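Colleague: I am new to this structure and would like to learn how to read its features one at a time. Could we begin with how a helix is covered?

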Amino acid sequence: MSLQPPEALLSVDHAEDTSSRVRAAALRVALVGNPNCGKTALFNALTGARQKVANYAGVTVERKEGLAHGPQGETLRVLDLPGTYSLRARSPDEVITRDVALGRLEGETPPDVMICVADATNLRLVLRLVLELKQIGRPMVLALNMYDIAERQGWSIDLARLSRELGMPVVTTVATRRRGMDQLLAAVQSVAGAAHEVPAWREPTAAQLRTAHGEAERIRKACIRPPSHPDTLTGRLDSVLLHPVAGVAILLAVLFLMFQAVFSWAQPPMDLIKGAFDQLSALITQVMPDGVLRSLICDGIISGVGSVLVFVPQIMILFLFIILLEDSGYMARAAFLMDKIMGGAGLHGRAFIPLLSSFACAIPGIMGARVIDNKRDRLTTILVAPLMTCSARIPVYTLIISAFVPNRAVFGVASLQGLVMFGLYATGILSALAVGFVVRKVFWRGATEPFLMELPAYKRPDAKNVAMGVLTRGKIFVKRAGTVILAMMIVVWFLSSVPGPPPGAVGPAINYSFAGMIGHGLEPLLRPIGFTWQIAVALIPGMAAREVAVAALGTVYAVSGGEGATGPLAGVLHAHWSLATALALLAWYVFAPQCAATLGVIKRETNSWAWPTVTFFYMLTLAYAAAFATFHIARAFGA
Ligand SMILES: Nc1nc2c(ncn2[C@@H]2O[C@H](COP(=O)(O)OP(=O)(O)OP(=O)(O)O)[C@@H](O)[C@H]2O)c(=O)[nH]1
Ligand SMILES: [Mg+2]
């Protein structure tokens, strides 16, 4: 053992190609531990990364790598891994952890040092994992994380004895406050290089596991004394929040409040952003001569990208709620409450969290399905995840709602617009349950498995983590607007302006453009569901990302000019569409497979083109049928 960094690290400063040399020479350190013990929080604290952290099991489903700098300036490569209870991996995320720990991945050796991360208030299962990991023979350090909570609750842990019994340094940490990081890195350096040869690792037999369990229990009893007054807050809260009637009522009230807030709180900042873009557009109209470039900037970029950017406040408010619920531990309770309903629909209990992540975007949701070990249950979850209302649908929904649903109070308190939004989310959830049910009944008969998620203790959400999460979400959205959406808008603007109208032509120029031709060509297909040719033009670039459809509508109507084409997009749509058309488009967007990236991830996760194809066609069929029915029913009611 040596406190000095290995020789190779010292030469790094003089290297020419630092980054690759650092990577080659640096110590590789893996974070291994039970789910929800704070591995990712620790990873973020060590590397400055901003990986997602939340108070429930199964947040991390991939390996992530980052660089950390030790007290003496040495560099370490840190690996964040999915949580696991044992190396007897069952689900795909646990397989990742096992393979990294054992160095089974191609071109990889086992990590130089393993940091076993533990929730200091919940050591029962992790000690067994520590004993199991020791069998691999790599140098190890035990990090007792969440030590702030352990201290507050009054746990008494004999650190010296624990270190002796386990034969490895034990360090206390508070990842969210970056406490203990230097001591942790020093401990890592002190054990580095102490690997000992062991015979090839074999999956332990049941008898070996029992022995390990007994040993872990002995160490726990010898080193740890629980608080004399156990914490009862979680239990007391749960007796209300998990109540079959009161709990469900509270869950509905929370979700209802969330959508109300999305509409009412977001209005002032949205007006500000909209005002700024209008002024920018007016300014450019004043200073630039009329021409192609001005049209590109005003009609293409500002009308298009601007109409998407106004939704940043709504996205951020929605995520403020979601992150608060996740970080406090309430989301896991929501999962528990939904378990019966989901089980009835043939979905696995563990599907709740992936489906919940799909509210942000179906992509992390589909990847999150890795926590489900049963292949069929995992596939069912992947197939229905795109039906959950992702945040890219928010611009489309709110645009149409604010154009067509009056801003009226119902029952004196609730806004009608918020209620419609709530309804659209509910439709998404119910259809996911319905499709899950059909898939289960038609294709994969058999019972679903019981829910085995450990309920985390409630925690006060960490203000920094919440602020960081909300900002990150806002940034992702703005970045998309500045890249994918901007690029698509330039294409849409080009197609809407070229070729120009023939001499002596009457009517808007867009009628003669490529976009006009495509739109008019598709119109017969879309007329039965009430869509105009302008909608057809917007739907195609909308395949790249749903928000693009909103931007494209902005551009198409801006280029069209003419009656009612100026002013806020909502007003323009109100002038051009019937209510039936608007409702049909909402129905379409609940189901339509309008996102190429999602289909790509389904291909990657299922390793076959069959499932993205199935997803595309089943969603397209549902979208067409829903829009058709909505349009005709609305018309029958005179809309
Ligand atoms: N009070 C306190 N909270 C912590 C600490 N470390 C992490 N947390 C919180 O604990 C929760 C779980 O943290 P994560 O980092 O997501 O846990 P994880 O081990 O990566 O979880 P999985 O990826 O699901 O296995 C989050 O709500 C964190 O904010 C800590 O030292 N003190
Ligand atoms: Mg994690």
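Modeller: A residue is called buried when its relative accessible area is under 20%, and please keep in mind that this is a predicted model. By that cut-off, helix 19 is mostly covered, with eleven of its twelve residues buried; among them are R393, P395, Y397 and F404.

Colleague: What span should the twelve residues of helix 19 have, and how far apart are its end C-alpha atoms?

Modeller: At 1.5 Å a residue, helix 19 (residues 393-404) should span 16 Å, and because its end C-alpha atoms are 17 Å apart, the two values agree.

Colleague: How should I read a salt bridge, and which parts does the one between E108 and R28 tie together?

Modeller: The rule asks for a side-chain nitrogen of Lys or Arg within 4 Å of a carboxyl oxygen of Asp or Glu, and the count comes to 20 salt bridges. In one of them the side chains of E108 and R28 meet at 3.1 Å, N to O. E108 lies in the loop between helix 4 (92-102) and strand 4 (113-119) and R28 in strand 1 (residues 27-33), so the pair ties together parts that are 80 residues apart in sequence. Both residues, E108 and R28, are buried, and they belong to a network of salt bridges that also includes R63, E65 and R77.

Colleague: Is R440, which forms a salt bridge with D377, buried or exposed?

Modeller: R440 counts as buried because its relative accessibility is 8%, and D377 is buried as well, at 2%. Their side chains meet at 2.5 Å, N to O.

Definitions and conventions:
Residues numbered from 1 in each chain as written. Chains lettered and ligands numbered in written order. Predicted model: local features only at pLDDT ≥ 70, side-chain atom pairs only at ≥ 80, totals over all residues. Heavy atoms only, no water. Helix = DSSP H or I, 4+ residues; strand = E, 2+ residues; numbered from the N terminus. Expected span 1.5 Å × (residues − 1). Buried < 20%, exposed > 50% of the residue type's maximum accessible area, 1.4 Å probe, protein only.
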